[in-house]
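Reader: Please take one part of this model and go through it closely. I would like the helix packing, partner by partner.

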Amino acid sequence: MIGYGPRAPQVAWPGGARVAISLVLNYEEGGENSVLHGDGQSEAFLSDIAGAQPWPGQRHWNMESIYDYGARAGFWRLHRLFTRRDLPVTIYGVATALARSPEQVKAMKTARWEIASHGLKWVEHKDMPEEVERAQIAEAIRLHTEVVGEPPRGWYTGRCSVNTVRLTAETGALDWISDTYDDDLPYWLEAGERDQLVIPYTLEANDMRFATAPGWVTGQDFGQYLIDSFDTLHAEGGRMFSIGLHCRLIGRPGKLAGLIRFLDHVAAKGGAWFATRSQIAEFWAAQYPPRRYPRPSRMDRETFVQRYGSIFEHSPWIAERAWALELGPAHDTAAGLHNALARMFRSATDEERLGVLRAHPDLAGKLAQARRLTAESTHEQTSAGLDALTDQERTTFQTLNGAYVAKHGFPFIIAVRDNTKASILAAFETRIANDTATEFATACRQVERIAEIRLMDLLP
């Protein structure tokens with residue numbers, strides 16, 4: 001659930017475009033459930049038949065006829081629209097559907113459209129055993145290569161299982177996969193030793209909502225939603241916009257009218273880079289290559305404590321307790337891991353937290369002079385010039401240190417890297433007058449801030 005967070009790149013798309021638009025045409029006609037294809041029931045998904053249900057052991061003539069429309073009429077209407085405007089298209093091609101549609105495949109190739117894989121069959125995968133799905137992925141790639149003349153560079157199952165993303169990434173054969181809906185930009189997924197590019201897809205800027213409730217009623221509904229989405233992304237800049245289309249849905253005249261209005265709007269406004277998903281993948285791999293770093297959520301206990309045990313000064317028990325939390329990708333950033341560590345510090349007893357405060361060295365004190373500070377503390381004190389004090393400044397610090405500890409029972413603590421030598425002295429002189437309860441709370445907040453700064457040196 002972390003994604004790019006506040007670190008999302010402000011992408012400069014080719015030609016100075018503000019939005020990269022990916023037109024995706026799902027070609028499923030001929031790959032749907034049918035007893036003619038050896039399936040146990042008819043298709044029931046994404047058609048103009050309201051409330052359709054699968055018919056076990058029977059053909060559904062009306063459903064078949066609707067799918068036929070996509071291949072016979074809808075595809076060619078869309079082909080004319082996109083080729084006349086010279087727009088690049090990515091086909092999500094179900095391998096068995098492509099095998100039954102040689103004329104359409106020839107037209108796709110002649111138009112130089114990208115043909116990605118949409119799986120072996122247009123069927124549900126949620127209950128499919130992992131070994132069966134793995135075998136079907138391999139067969140889809142084999143059949144796709146045989147029918148198209150080259151293997152697919154990208155993949156989208158759609159009706160996927162919990163294993164689909166991992167299984168497709170593990171093939172090592174795909175430049176990109178799209179069975180996610182979780183971002184407006186591509187991102188890298190670590191799949192074992194391989195970095196797999198993910199280009200998220202969409203189920204909302206998608207004509208499938210003509211066949212679902214709530215959904216689009218008119219082409220104008222769909223077109224206006226696309227226009228609003230584009231305008232918002234255009235204002236933000238540096239984002240990607242996927243649009244999902246189906247031959248048997250948007251290929252109907254009244255529905256297509258909304259898509260045409262959208263395309264006219266984009267042409268008039270400008271700022272769009274229409275690209276295939278592989279073109280987006282090539283751009284992303286060149287401009288934003290994968291970057292691996294040690295991820296806290298994947299570390300064993302010993303490694304985790306060794307690496308983060310000194311984030312809270314001389315208090316490895318905080319890291320030990322944090323490791324036992326439900327750490328995940330959201331904790332693989334400085335902010336995420338800081339939250340986990342700070343939780344353990346905050347939930348500790350007052351005596352334990354007091355021990356953390358007392359573990360901190362005096363500022364510019366005897367330990368600093370003897371060069372016996374931790375590496376982190378040395379770096380922090382040096383950043384504010386506390387390693388180069390005049391004799392008078394050193395005397396001032398030592399006098400304040402002594403008075404502060406005598407009053408409160410723990411050293412004066414401040415996030416040095418947020419301050420200068422002058423602001424540290426000013427805070428010292430102000431805070432020494434606080435009551436101990438107030439100062440204890442203030443010091444604890446400063447300890448957390450110091451930990452956060454240290455983590456920012458290690459994690460994104």
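Author: Here is the helix packing, one pair at a time.

The model is predicted, so local features need pLDDT of at least 70 and side-chain atom pairs count only at pLDDT 80 or more, while totals for chains, interfaces and linings use all residues. Residues are numbered from 1 along each chain as its sequence is written, and side-chain values use heavy atoms, with hydrogens and water left out.

Two packed helices are described by the angle between their axes and the distance between the axes. Helices here are DSSP runs (H or I, at least four residues), numbered from the N terminus. Axes are lines fitted to C-alpha atoms over the stretch in contact, and angles run from 0 to 180 degrees between N-to-C directions.

Start with helix 1, residues 61-84. Its partner here is helix 7, residues 253-269. The axes lie 12 Å apart, at an angle of about 20°. That makes the two helices, 1 and 7, roughly parallel (angles under 35 degrees). Their crossing is right-handed (the near helix is turned clockwise from the far one by less than a right angle). Contact means heavy atoms within 4.5 Å. Helix 1 brings Tyr69, Arg77, Leu78, Leu81 and Phe82 to this contact. Helix 7 answers with Pro253, Leu256, Leu259, Ile260 and Leu263. By class, the contact has 9 nonpolar residues, no polar ones and 1 charged. Ala, Val, Leu, Ile, Met, Phe, Trp, Tyr, Cys and Pro count as nonpolar, Asp, Glu, Lys and Arg as charged, and the others, Gly among them, as polar.

Helix 1 also packs with helix 3, residues 102-110. The angle is about 10° and the axes are 11 Å apart. So helix 1 is roughly parallel to helix 3. On the helix 1 side, the contact uses Ala71, Phe75, Trp76 and His79. On the helix 3 side, Glu103, Gln104, Ala107 and Met108 take part. This contact divides into 5 nonpolar, 2 polar and 1 charged.

Now to another pair. Helix 12 (residues 350-359) meets helix 17 (residues 436-456). Their axes come within 10 Å and cross at roughly 65°. The crossing is left-handed (the near helix is turned anticlockwise from the far one by less than a right angle). Asp350, Arg353, Leu354, Val356 and Leu357 of helix 12 make the contact with Phe440, Ala443, Cys444 and Val447 of helix 17. The residues of this contact are 7 nonpolar, no polar and 2 charged.

Definitions and conventions: Angles under 35 degrees count as roughly parallel, over 145 as roughly antiparallel, 65 to 115 as roughly perpendicular and the rest as oblique.
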